[in-house]
Amino acid sequence: MDEMNKKINWKSGSFKCITFLLLIGCLLAIHVFAPGVTENLCHLARGGNLKETTDYLRSFGPWAIVVSFFLDVLINALGFLPSIFLSTANGVIFGLPLGITVSWLAETVGVVLNFFVLRYFLRDEAEKLITKSNNLKRLDEMSQTKNHQGVIALVSSHSYVSVED
């Protein structure tokens, strides 16, 4: 990993620009080749109707597993939409073992993508935010020590950390 970090300047403006353009290209491709996917996804996430979700996935026929995988990756990469409706539908459509496997793999890929986006694109903004909050400063200091149990306890005990502290 260190060799890769030396070869690629993750913080360079050109790297961020190229990656941003690739992301926009992917979103445009989704819009062109699968019109209505984003509207359907938002509708299904808000509604929570299992029958409607399974019917939508089944409408893709043999491609349903691929579509479900990529939708689940997208949901988890975005990080703010719930994915339980899709995981449940995967279990119903593909059976529990395959449904769980598809959901688990897709959620793992999505979360890893989310981590890299946050790590390499929004880190500077996060550091600015941390310097403005006493609670976030303490949490940051604790996370740099070997006292990870304290960090976990602190984070789990607060459902919301105010930015204005």
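**Pockets and packing in an all-helix model**

The lining of the largest pocket is made up of 32 nonpolar residues, four polar ones and one charged one. For this split, Ala, Val, Leu, Ile, Met, Phe, Trp, Tyr, Cys and Pro are taken as nonpolar, Asp, Glu, Lys and Arg as charged, and the others, Gly among them, as polar. The model is a predicted one, with local features needing pLDDT of at least 70 and side-chain atom pairs counted only at pLDDT 80 or more, while totals for chains, interfaces and linings use all residues. Numbering starts from 1 along each chain as its sequence is written, and side-chain values rest on heavy atoms, with hydrogens and water left out.

As for the overall fold, the protein has 10 helices and zero strands, where helices (H or I, at least four residues) and strands (E, at least two) are DSSP runs numbered from the N terminus. Read from the N terminus, the order is simply α-α-α-α-α-α-α-α-α-α. Of the 165 residues in the protein, 24% are buried; here buried means under 20% relative accessible area, exposed means over 50%, and partly exposed covers what is in between (1.4 Å probe, protein chains only). The accessible surface totals about 11600 Å², and carbon and sulfur atoms own 67% of that. These areas come from the Shrake-Rupley method with a 1.4 Å probe, and for residues only the protein chains shown count as cover. Contacts (heavy atoms within 4.5 Å) reach far along the chain: among those with a separation of 6 or more, 60% join residues 24 or more positions apart.

Back to the pockets. A pocket is an open set of points on a 1 Å grid over the protein atoms alone where a 1.4 Å probe fits, with protein on both sides within 12 Å along at least five of seven lines; lining residues have an atom within 4 Å of a point. The largest pocket holds about 1200 Å³ of space. It is lined by 37 residues, and L23, C26, L27, L74 and A77 are the closest to its centre. Volumes are the space filled by probe spheres set on the points, with grid points joined across faces, edges and corners. Four helices each put at least two residues into the lining of the largest pocket: α2 (13-33), α3 (37-47), α5 (64-78) and α7 (96-121). Of these, α2 has the largest share, at 13 residues.

The second largest pocket comes to about 250 Å³. Its lining consists of R123, A126, E127, L129, I130, T131, L136, D140 and Q144, which sort into four nonpolar, two polar and three charged residues. Helices α8 (123-132) and α9 (134-144) each bring at least two residues to this lining, and α8 gives the most, with six.

Helix α6 (residues 84-94) is worth a separate look. Its buried residues are F85, L86, S87, A89, N90, G91 and F94, and their cover includes α3, α4 (50-58), α5 and α7. Right after α6 comes G95, with a positive phi near 90 degrees.

Two residues of α6 illustrate the packing. F85 sits in this helix and counts as buried because its relative accessible area is 8%. Leaving aside residues up to four places away in sequence, F85 touches L41, L44, A45, L50, T53 and I75. Its C-alpha lies 9.4 Å from that of T54, although F85 and T54 are 31 residues apart in sequence. N90, also placed in α6, is buried too, at a relative accessible area of 0%. With the same sequence neighbours set aside (up to four places), N90 touches L57, S68, D72, G95, G99, V102 and S103.

Finally, the rings. The whole structure yields three aromatic pairs. One of them joins F69 and F70 edge-to-face, at 5.4 Å centre to centre and 85 degrees between the planes. F69 is partly exposed at 23% relative accessible area, whereas F70 is exposed at 53%. F115 and F116 make another edge-to-face pair, with 5.5 Å between centres and 70 degrees between planes. Both partners rank as partly exposed: F115 has a relative accessibility of 46% and F116 a relative accessible area of 31%. For these pairs, rings of Phe, Tyr and Trp (its six-membered ring) need centres within 6.5 Å; planes under 30 degrees apart count as stacked, over 60 as edge-to-face and the rest as tilted.
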